[in-house]
Structures are given as C-alpha cells and as structure tokens.
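Biologist: Could you walk me through this model, please? I have not looked at it before.

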Amino acid sequence: QVQLVESGGRLVQAGGSLRLSCAASGRSFSTYAMSWFRQAPGKEREFVGGISWSGGSTRYTDSVKGRFTISRDNAKNTVSLQMNSLKPEDTAVYYCAAGSLTGPSTMPKAYDYWGQGTQVTVSS
C-alpha cells in the first residue's frame with residue numbers, strides 16, 4: 001500500500017512557475033504508475049499528467065503539454081509536477097494518485113491511492 005502527501009501549492013501570477021511534490025510512504029511505491037489530477041470548483045476531476053512505474057513513459061492532457069513535466073524518483077519515493085507558464089485556468093486543487101497499472105490512466109477510478117490535494121491558484 002501507499003500513502004501520498006502533496007505539497008507546494010500556492011498563489012502564483014499568470015506566467016509564473018510552480019513545482020508540486022508528492023511524498024509517498026508504504027510498500028511497493030516503485031511498482032505503481034503515478035499521476036497528477038486536478039479539480040476546480042464545480043468541475044470534475046481532470047487528468048493532468050502521469051508517469052509509468054519505471055519512469056520511462058509519460059502522458060499529459062493536451063492543455064498542459066509543453067508547460068508541465070511530471071517526474072519521479074523511486075529512490076526517494078517522490079513524484080513531482082513542474083508547472084511553467086501557468087494560466088488562470090490551471091487554478092485547481094491538485095491531487096497525486098497511485099495505481100497498479102502498467103502505465104498511467106486518465107481515469108480517476110483506475111487509481112488505488114490518493115493524496116489530500118494541494119491548492120494552486122493562478123492570478124490573472
């Protein structure tokens with residue numbers, strides 16, 4: 001099992017950058033695909049980016065391609081989301097998720113473990 005805690009969310013101006021971190025504890029972290037999701041008020045949870053257990057494959061939603069980068073360090077049990085060129089529409093609570101998957105899924109229900117979320121607010 002895996003326990004996840006996100007950190008790094010804050011208020012940032014449009015065009016700025018932010019790095020989110022997800023710290024994992026428990027067993028079998030390195031065997032899980034990891035993803036970041038986000039949820040804005042009144043909207044459904046949305047896939048942002050994911051990474052395979054090996055770190056060899058990544059995927060992103062179209063709206064963040066070229067701006068966001070997901071990475072993992074299995075030795076440190078961490079997953080990060082580097083966010084550049086932030087836009088107001090990126091404002092949301094960002095969640096880290098872990099799933100027993102070969103590669104990351106865009107579907108929230110595919111994931112077994114979730115963090116509590118960290119708020120990212122991008123001002124215009």
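Modeller: What follows covers one strand and then some aromatic rings. This is a predicted model, in which local features need pLDDT of at least 70, side-chain atom pairs count only at pLDDT 80 or more, and totals for chains, interfaces and linings use all residues. Residues are numbered from 1 along each chain as its sequence is written, and side-chain values use heavy atoms, with hydrogens and water left out.

Biologist: How many residues of strand β4 are buried?

Modeller: In β4, residues 33-39, 6 of the 7 residues are buried, where buried means under 20% relative accessible area, exposed over 50% and partly exposed in between, with a 1.4 Å probe and protein chains only. Strands are DSSP runs of E with at least two residues, numbered from the N terminus.

Biologist: And which residue stands opposite S35 in β9?

Modeller: That is A97, and β4 pairs with β9 (residues 92-99) in the antiparallel sense over 7 bridges, pairing being called when DSSP finds at least two bridges between two strands.

Biologist: Switching to rings, how many aromatic pairs are there?

Modeller: The whole structure has 6, counting Phe, Tyr and Trp rings (for Trp the six-membered one) with centres within 6.5 Å, and calling planes under 30 degrees apart stacked, over 60 edge-to-face and the rest tilted. For Y32 and Y113 the centres are 5.8 Å apart and the planes at 75°, so this pair is edge-to-face.

Biologist: Is Y32 buried or exposed?

Modeller: Y32 counts as buried, at 8% relative accessibility, whereas Y113 is partly exposed at 25%.

Notes: Helix = DSSP H or I, 4+ residues; strand = E, 2+ residues; numbered from the N terminus.
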